[in-house]
Amino acid sequence: MTIQRYTLLQRLLHWLIALMVFGLLAAGFTFWSLGYEGTVGLFGEELTNMLYKIHKTFGILLLLLMIARIALRRVSPAPPHDPPLSGVERMVGGGIHLLLYALLIGLPIGGWLATAASGYPIQFFDLTLPGIIGENKELGATLFFYHGIGGLVVLGLVLVHTAAGLKHWRLKDGIMTRISLP
Ligand code: HEM
């Protein structure tokens with residue numbers, strides 16, 4: 001068995017993006033289940049506004065990091081598995097990775113458009129970025145609904161992906177070494 005690993009930069013990006021996704025999902029589901037008023041009731045106005053700003057800023061950072069990750073993936077493709085994966089493993093694992101890539105690009109763009117259509121500012125640190133589309137409250141509500149559904153799908157995929165990662169870690173078959181930092 002020869003273990004070939006992703007490059008250090010790809011491994012760093014994997015774990016940085018994983019941390020960001022966990023944080024974004026936690027904040028997103030808090031907003032989704034409590035709404036703005038409910039979140040203010042729990043955390044107070046100042047902290048709630050800060051949480052919304054952090055969610056938007058990190059969502060845009062996620063988009064930039066995902067674009068960088070896809071570009072890197074083209075320069076350095078995933079290293080081959082030795083021994084090779086079975087057809088089913090390649091299809092299921094590869095399918096989940098592909099869906100994660102698509103959703104982690106689509107979700108921040110959807111959040112950006114939903115925020116703009118609802119008439120809220122697109123905050124990126126202390127900057128306000130252009131909304132891209134004009135205000136349309138009804139469209140904003142629809143886009144936020146699908147933004148939430150997208151978050152649920154990402155949560156489901158991340159849970160399955162993490163369970164698979166833990167299984168490979170227990171099996172000590174070298175798959176976790178491909179992506180681990182040290
Ligand atoms: C939000 C959390 C996470 C996201 C979005 C995510 C996403 C991804 C994606 C898209 C890939 C494919 C990389 C590529 O081929 O370009 C990947 C690979 C991998 N991930 Fe994650 N991941 C997350 C968390 C985790 C966790 C918690 C574990 C372990 C418990 C893990 C273990 C792995 C392993 C072992 C691979 C390498 C698969 C291989 O090519 O052999 N990931 N991850």
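A residue counts as being around the ligand if one of its heavy atoms lies within 4 Å of it. Keep that cut-off in mind for the close-ups, which all come from a predicted model.

**View 1. The ligand and its neighbours.** With that cut-off, 21 residues sit around the ligand. His14, Arg73, Tyr101, His161 and Arg178 come nearest of them. And where is the ligand sitting? The space it takes up is the largest pocket.

**View 2. Polar contacts to the ligand.** Here we zoom in on three side chains. Tyr6 puts a side-chain N or O atom 2.6 Å from an oxygen atom of the ligand. His14, one of the nearest residues, has a polar side-chain atom 2.8 Å from a ligand nitrogen. For His81, the spacing between an N or O atom of the side chain and a ligand oxygen is 3.4 Å.

**View 3. Which helices build the shell around the ligand?** H1, H2 (45-75), H3 (87-117), H4 (137-171) and H5 (175-179) each chip in at least two residues. H4 gives the most, with five residues.

**View 4. H1 and its bend.** Helix H1 covers residues 8-43, which makes 36 residues. Its end C-alpha atoms are only 38 Å apart, though, while a straight helix at 1.5 Å a residue would reach 52 Å. Look at Gly35 in this view: H1 bends there by about 105°. Just after the helix comes Gly44, with a positive phi near 85°.

**View 5. Spans marked in the UniProt record.** An unreviewed UniProt entry places "transmembrane region" at residues 12-34, 54-72, 98-123 and 143-166. In the model, residues 143-166 are 100% helix and 0% strand, with end C-alpha atoms 34 Å apart. Residues 98-123 come out at 77% helix and 8% strand, and the C-alpha atoms at the ends of that span are 28 Å apart. The unreviewed entry also puts "domain: Cytochrome b561 bacterial/Ni-hydrogenase" at residues 5-177. That span is 79% helix and 3% strand, and its end C-alpha atoms lie 7 Å apart.

**View 6. Stepping back to the whole chain.** How many helices and strands does the protein chain have? There are five helices and two strands. Starting at the N terminus, the order is α-α-α-β-β-α-α. The C-alpha trace spans about 55 × 30 × 30 Å along its principal axes.

Methods. Residues are numbered from 1 along each chain as its sequence is written. This is a predicted model: local features need pLDDT of at least 70, side-chain atom pairs count only at pLDDT 80 or more; totals for chains, interfaces and linings use all residues. Side-chain values use heavy atoms; hydrogens and water are left out. Helices (H or I, at least four residues) and strands (E, at least two) are DSSP runs, numbered from the N terminus. The expected span of a helix is 1.5 Å times one less than its number of residues. The bend at a residue is the angle between axes fitted to the seven residues ending there and the seven starting there. UniProt positions are given in the numbering used here, feature names are shortened, and annotations may be inferred rather than shown by experiment. A polar contact is a pair of N or O atoms within 3.5 Å; within protein, one must be able to donate a hydrogen and the other to accept it, and residues adjacent in sequence count only if both atoms are side-chain atoms. On a 1 Å grid over the protein atoms alone, a cavity is a set of points where a 1.4 Å probe fits but cannot get out, and a pocket is an open set with protein on both sides within 12 Å along at least five of seven lines; lining residues have an atom within 4 Å of a point. A molecule sits in a cavity or pocket if more than half of its atoms lie within 2 Å of its grid points.
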